[in-house]
Amino acid sequence: MSAATSPRRVRADAERSTARILDAARAVLADDPNASLERIADAAGLARATVHRRFASRAALLETLSARLNALFLDVVRRARVATAPPLVALHRATELIFELKLSHRSVMMATMDAGTGRTMLSPEVREGVDLLFARLHAAGAVAAGNPDWCRRIYLAVLNEVDLLPADDPELTPGAGDELGARTNLTVRTVLGALGAHPDAVASFAPAPSGDSETRRPVT
């Protein structure tokens, strides 16, 4: 077998084609969440047969996008250090990173969301990471609710609702600084309040006083 057709070369070509397809899918799905494989193939600049060799169906493509999205969520869990950082700090950081992910991968989230809940389908590993964080928050006395599964459900519901707020919503504006920080603080403040947090913990995420541009940080 020549170098041009070696298994390594074939594998590298396949990986490049797959990356082009997935990048094109993200762009096309942002415009049309119901876009066909054929339209995605055209956007990727690849023959439709090539796309069908990589992904037998649109469902298979969405499954791959969902798996990659969950890998990014798992990276959020790692970067927030949910197992080792002070739990309130980890909650704030994880929430901030999730909103960043929502901004950069919104089209994939919309295309792969659970039809029943309207939310992203999280892998067991991601759910375990979030549950660990809420178990640590409870153990530290930061929240009264002791069921991590219930805490996670509340957290994800609030995340979704805050994400849907328009940028000019009054809840996001008073002394909140940048929009990302405002959404992060509103989410954390609401979740802590819903889960029976100590008032001091909730207050640490309140908007800064008028004229104070510095976003408040969680009390550790």
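Let's start at Ser66, which is buried, with a relative accessible area of 14%. The cut-off for that label is under 20%, so Ser66 qualifies at 14%. Keep in mind that everything here comes from a predicted model. Ser66 sits in helix H4, and if you skip its neighbours within four places in sequence, its contacts are Thr112 and Met121.

Now zoom out. The protein is built from 10 helices and 0 strands, so from the N terminus on you read α-α-α-α-α-α-α-α-α-α. There are 220 residues, and 42% of them count as buried. Take the contacts between residues at least 6 apart in sequence: 61% of these join residues at least 24 apart.

What holds the middle of this picture? In soluble globular proteins, nonpolar side chains tend to be buried together. Here the largest nonpolar core has 58 residues, and the members touching the most others are Leu61, Phe134 and Tyr155. At least two residues of this core come from each of H1 (7–31), H2 (37–44), H4 (58–79), H5 (87–104), H6 (106–112), H7 (124–139), H8 (148–164) and H9 (179–194). H5 is the top contributor to the core, with 8 residues. Domain 1 (9–56) and domain 2 (58–204) both give residues to the core, so it lies between them.

Leu61 is a good residue to click on next. Leaving out neighbours within four places in sequence, Leu61 is in contact with Ile21, Leu22, Ala25, Leu37, Ile40 and Phe55.

The other two well-connected core members, Phe134 and Tyr155, turn up where H7 meets H8. Those two helices pack at an angle of about 105°, with their axes 8 Å apart. That makes H7 roughly perpendicular to H8. From H7 the contact uses Arg127, Val130, Asp131, Phe134 and Ala135, and from H8 it uses Pro148, Asp149, Cys151, Arg152 and Tyr155.

How does H5 pack against H8? The angle is about 50° and the axes are 12 Å apart, so H5 and H8 are oblique to each other. Their crossing is right-handed. On the H5 side you'll find Leu91, Ala94, Thr95, Ile98, Phe99 and Lys102, and these meet Tyr155, Leu159, Val162 and Asp163 in H8. Tyr155 thus shows up again: it belongs to the H8 side of the contact with H7 and also to the H8 side of the contact with H5.

H5 packs against H7 too, at an angle of about 145° and with the axes 9 Å apart. This crossing is left-handed. Pro87, Leu88, Ala90 and Leu91 in H5 meet Leu133, Phe134, Arg136 and Leu137 in H7. Two residues are worth picking out here. Leu91 of H5 meets H7 and is also among the H5 residues that meet H8. Phe134 of H7 is part of the contact with H5 and part of the contact with H8.

One last stop is the backbone at Arg81, in the loop between H4 and H5. Most residues other than glycine have a negative phi. Arg81 has a positive phi of about 55°, although it is not a glycine. Is its side of the story buried or exposed? Arg81 is partly exposed, with a relative accessible area of 45%, whereas Ser66, back where we began, is buried at 14%.

Note on methods:
Residues are numbered from 1 along each chain as its sequence is written. This is a predicted model: local features need pLDDT of at least 70, side-chain atom pairs count only at pLDDT 80 or more; totals for chains, interfaces and linings use all residues. Side-chain values use heavy atoms; hydrogens and water are left out. A nonpolar core is a set of buried Ala, Val, Leu, Ile, Met, Phe, Trp, Tyr and Cys residues joined through side-chain atoms within 4.5 Å. Buried means under 20% relative accessible area, exposed over 50%, partly exposed in between (1.4 Å probe, protein chains only). Helices (H or I, at least four residues) and strands (E, at least two) are DSSP runs, numbered from the N terminus. Domain bounds come from an automatic or database domain assignment. Contact means heavy atoms within 4.5 Å. Axes are lines fitted to C-alpha atoms, for helices over the stretch in contact, and angles run from 0 to 180 degrees between N-to-C directions. Angles under 35 degrees count as roughly parallel, over 145 as roughly antiparallel, 65 to 115 as roughly perpendicular and the rest as oblique. A crossing is left-handed if the near helix is turned anticlockwise from the far one by less than a right angle, and right-handed if clockwise.
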